[in-house]
Every structure is written in structure tokens, then in C-alpha cells.
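Trainee: I have a structure open and would like to talk it through with you. Can we start with how the copies sit together?

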Number of protein chains: 2
Amino acid sequence: MNALEIVDVTLRDGIQPIGPWIPTERKIALLHSLAATGLGRMEVGAFVSASAMPQMRDTAAVLEAALAIPALRAQVLVPTARRAAEAVAAGAQELAFVLSVSEAHNQANLRRSVDESVAEYARFVDETPPHVAIRLNLATSFDCPFTGLVSEDAMISLLGRLLPLRPEVEVCLCDTTGRATPDQVDRLIALAIAHYPSADRWAFHGHDTYAMGTANAYAAYNAGVRVIDAASGGLGGCPFAPGATGNVATEDLVWMFERMGVPTGVDLDRLVVVAEEAAALRGSLSGGRVRQAKSAQAQRSAAAAKS
Amino acid sequence: MNALEIVDVTLRDGIQPIGPWIPTERKIALLHSLAATGLGRMEVGAFVSASAMPQMRDTAAVLEAALAIPALRAQVLVPTARRAAEAVAAGAQELAFVLSVSEAHNQANLRRSVDESVAEYARFVDETPPHVAIRLNLATSFDCPFTGLVSEDAMISLLGRLLPLRPEVEVCLCDTTGRATPDQVDRLIALAIAHYPSADRWAFHGHDTYAMGTANAYAAYNAGVRVIDAASGGLGGCPFAPGATGNVATEDLVWMFERMGVPTGVDLDRLVVVAEEAAALRGSLSGGRVRQAKSAQAQRSAAAAKS
């Protein structure tokens, strides 16, 4: 099975840092447009403190709309067992639990120690109904905005504490700052897979802040990852990682992998139109290259057709 | 020897498509700024028809300035034996001869057939003094703007006609359109090296039009290439390859390879400042990500220092 499963995170990591409020109906319209491109999986929001992340405060409504779309797998981010219970009560069937490998980032992002997050994860696993799928997001698996390079041992040993609690999870190694390089991605993923061959599935989440978006996705795929996060229009960032603007653009990944002969199930031309809409959201920081290249071509073709 | 040699092509491929005339003194100032970052090798212009590429019509003056910079290796592009003789008369010690693997692109770019270019190359090799270093630029080695994917056999067989004419050349496989993917770069370079193990050195030239800039450079390095072209500020394009805007940014490559532990000899902070100047040239199409990320950080630090 060589296909790539893209998890489009536009509606969570993509819009989370956007200041101006995006009305719920606008989010749901974007959800429908994204689903219509063939994207089969999305992270559609987060159950978190509305004061810390105000843009996520209508996640329950967006999730409800997502659950009504046939064949769409919708996941939501949760940082605690209590938030997970809220998400499940709202109908969530896929939860992404986040904690950081780096102590400093976990403190800044979740206001607790890594040990406390591990205990929280144990509670979360205990209380989550078995029909709910779990993804484990390891933020700062490669690099921390506060303390720099994260040791490989720290990531491996944290996984050693988490995976026994529930083996059937999808593990996502996240490059929170965008400062991972492809050789590091290749090495760490190979190491993690070698240490924990029985883990269900491996995923990768990267940013394009330093132009490593596609290079790291390519390295992750080569190392065995078949699930990669991305945001349309290259939207996104992390409020606790200064400078970390821009998830890798979904359209850049679709372009690269489809051209490599790796199916993604996404209609690129339709996606480029939606990505332009996402990039035009007021207050957004957008990125990626394929969107601009394809849009320029489309304008040229339209002009040629008129002349 | 794991170091990477970057050939900065800002002053040729980078500014060639810029419409508004850049005064010679402005080009020479840019040349000095680039050299001061530690870049040890540059393509500083082209000896070509001034009507086809008006921005290149002062290459002799820029070359003269480049030759006066100690320890800088300056190459110029030439499409014919006659232009090469002009370049040598102007003092050039490194010539990059260009022809295309694709018949259609060679016709559009050089107004002759590939066979005619091979014959021209033979004349060029014959007439070029032995002290002048030769680089052989194979445009459209991967993909042609007019006919799409280029067959691997075409590239291998063209090399088989060219390499025996002078074995001690540097061969550069060029992704003219930016549509090569990293798996293709990896495969073709490995194939070329396996076929012609005695070739002097292998180089790669790529564009970032479809966000493959760093991914392809990473793949090329892994396949054995130790010389890669790039333009500061991500400037550039090819007038005969519609949509092919933007060489991979020099600063993106420096960031990635230095972080991978591969020395480039370039001072990134200084380069980012120069890249901002290059990107600000009137009429330029700029790209890359590291420039923006580092400039944003510098602005934030300056603001913090003031407050």
C-alpha cells in the first residue's frame, strides 16, 4: 500500500493563529469545499480553552457538520481527558491527544510537566471508549522553540511510556518549529519504527517556515510514514513557537506525491481554488508554491482564451 | 568530502528574466555583497544575443569585476563556440555551455536542433583553451515545458555523445521547469553517475516553482551531487519555460545543508540581508522561505531591544 493519506489540518492548525474571528458558517463552507476536493481526512478543530485559542471555540459545530459528510474522517485535537470527554459527547470518533517531548514546550503549550501529561494521557486512554480512534501527537519531536534540538532518546523514551497504555494508536511525530531537516526526519522516524514496530501507524506533521515542508514530507514517506498533515494554502503556525508560521501546503504535497505516482485521492485543480480561498482569509499567513504556480497558469490560460 | 559547493546564479538565471534594466554598477554591488557572504562560486552572466537577453548585455563588465575578487570562481554561460571565444577574450576562466536534452526546448531556447548543438559543443571543446574549465549544462534533463517528461534514455545517450569529447568537465543536470520530483532527481542522478563514473563532477540546477527546491537539492545531494545551483532571494526563471519562476533560494539551501552538518562556507545572516536586497530589485520575482523567517525574527529582536 503506497498511497499517502493526507490529514488536512486547515481548520485547526491552519486557522488557529488567525486573529479576526472566522464565522462558523465560513468554517463549515471551507470544510465542505475541502471535502469536495477528495480529502478524506481532516483535523477540524480543537477542544481547548476558548480564552487560549478563541478561534477554536466553535469546534463542536464544525465537528457536527464534518460528521454529516459521508466518508470523511474528522479528528479533533484534545489536550486533556476532560476535553476528550467533551469531544466524545459532541460526537467525535477520532481524537488527537497532544503533548510535547520538550519539557519547556509542554509547559508553555499545556501548562503542565511532561510527567503530568503522561498521567493525563493514561487517564484519557482509560476513559476513551474503545470505538474512538486515538492519534498521539508528539509535539517538538525534533526541535523545541525554547531549547533547540530535542534528543532522540527523549522521544524514544517518551514513546516507551505512552505506547504500552494503548498499542492501537496512530503516532504522529510533529516538527513544531519547522526546523527539522530531512536527514533528521528520516533518522528519527526510522528509529521510532525500529523501536516500536508494533505501533499501529506512523504519521508526520511538518511546517514550511524554513522551506523544509516538501523535503521533510519526502523524507518521512521514504522512512515509512503513510500519513502526513498539511494545511491548504500553507496556512498556520503555533502560537507558542515564535517564527513557526505555515504548515506545509496541502496542494504542495498533493502535487509532489501524485507526480511521484503516489495516490492521494485529491483533485489538485479543485484544491488550488479552495487553497486560494483559504489563503485569502483575513489575518491569515499563507504559503506554499503550487497554488501560485497553478493560479498563474490558470490566469494565463483564461487570458489566452479571451484574446 | 561532504561539503556542498553552491553556485550562486543570481546574476545570471536570477536577474535574466527581470525586465527593467539593472545598471551595471548595481549588478557589481550585488556581486560584491554576495561574495562577502562567503559564496565562493557564482555564475555572473551570459555571453548571448543582447536582443534575446538584454539584461545580460553587460556581462563582460560584471565578469571583469568578478575576476578581480580574490578566491571567487566566476563562470559565464555560453551557447556557442563563438560566444565562448568572446567570453575567453573577456578573461573568463570557467564556461558553462548549455544545451537541452529535449529537442523542442533546444529549438526554442537556442534555435537549433540537439544534433546541431552537439556539433557546436564539439567545436567549442576544440577551440576552448585547456586552462579554461568547462561545465556542461543539460537543460530539460528531467522535464520539458513543451513536451513534458523527458526520457532517461535521451539524457543518458546525449551524455554518451558529449562526454567523450572532453572527459574532464563538470556535468550539471538541470530541472528547467521545476517539475522534477525528488524521487526522479535521485533516480536520474544515480543512473548518470553509474553510466559515467569517470565524469569529473556532477551538479544539479533546480527551480522552486512547484515547491520542490529543497526536496530536489536534498535528493541530489543524497545521490552524490556536491555542486548545486541556487539564486539569492529565490530570483529567476526561464523565458522559454512558461511558469518556471524562481530558482531554489540560496539561503534556503544554506540553511538546510548547514543544519544537516554539511558545510557551505556561507554566512547565512549576511546572505539573508543580501537576499532581501536582491528580492527588492524592481521587476523581480522572488521566493524562498528562510529569508522571510529570518527577517521576521530580526525585526522582532530589534523591536524587543527597543522596548
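Mentor: Let me begin with a definition: to find a rotation axis, copies are superposed by least squares on the C-alpha atoms of residues with pLDDT of at least 70 in both. Bear in mind throughout that this is a predicted model.

Trainee: OK, what turn and shift lay chain A on chain B?

Mentor: A turn of 180° with a shift of 0.0 Å along the axis lays chain A on chain B, and the RMSD is 0.0 Å. The two copies are thus related as by a two-fold rotation axis.

Trainee: And which residue of chain A comes closest to that axis?

Mentor: That is Ala215(A), whose C-alpha lies 1.9 Å from the rotation axis.

Trainee: Why do you say the copies meet through the same surface?

Mentor: Because 100% of the interface residues of chain A are also interface residues in chain B.

Trainee: Switching to the fold, how many helices and strands does chain A have?

Mentor: Chain A has 12 helices and 10 strands. Its radius of gyration is 18 Å, close to the 19 Å that the globule rule gives for 307 residues, so chain A is as compact as a globular protein of that length. Of those 307 residues, 61% count as buried, and along the principal axes the C-alpha trace spans about 65 × 40 × 35 Å.

Trainee: Which strands pair with strand 10 of chain A?

Mentor: Strand 1 (residues 5-8) of chain A pairs with strand 10 in the parallel sense over 4 bridges, with Ile6(A) standing opposite Ile228(A). Strand 9 (residues 201-205) of chain A also pairs with strand 10 in the parallel sense, over 2 bridges, and there Phe204(A) has Ile228(A) as its bridge partner. From strand 9 the chain crosses through helix 9 (residues 213-223) of chain A to strand 10, in a right-handed β-α-β crossover.

Trainee: Are the faces of strand 10 in chain A covered or open, then?

Mentor: Both faces are covered: Val227(A) and Asp229(A) on one side, and Ile228(A) and Ala230(A) on the other, are all buried.

Trainee: Last topic, cysteines: how many disulfides are there over all chains?

Mentor: The count comes to 0 disulfides over all chains.

Trainee: Why is there no bond at Cys172(B)?

Mentor: The closest cysteine sulfur, in Cys174(B), is 3.9 Å from the sulfur of Cys172(B), which is too far for a bond, because a disulfide needs the two sulfur atoms within 2.5 Å.

Trainee: Is Cys172(B) buried or exposed?

Mentor: Cys172(B) is buried, with a relative accessible area of 0%, and Cys144(A) likewise counts as buried at 0% relative accessibility.

Terms used. Residues numbered from 1 in each chain as written. Chains lettered and ligands numbered in written order. Predicted model: local features only at pLDDT ≥ 70, side-chain atom pairs only at ≥ 80, totals over all residues. Heavy atoms only, no water. Buried < 20%, exposed > 50% of the residue type's maximum accessible area, 1.4 Å probe, protein only. Contact = heavy atoms within 4.5 Å. Pairing = 2+ DSSP bridges. Right-handed = clockwise from strand over helix to strand, strands pointing away. Rg over C-alpha atoms; globule rule 2.2 N^0.38 Å.
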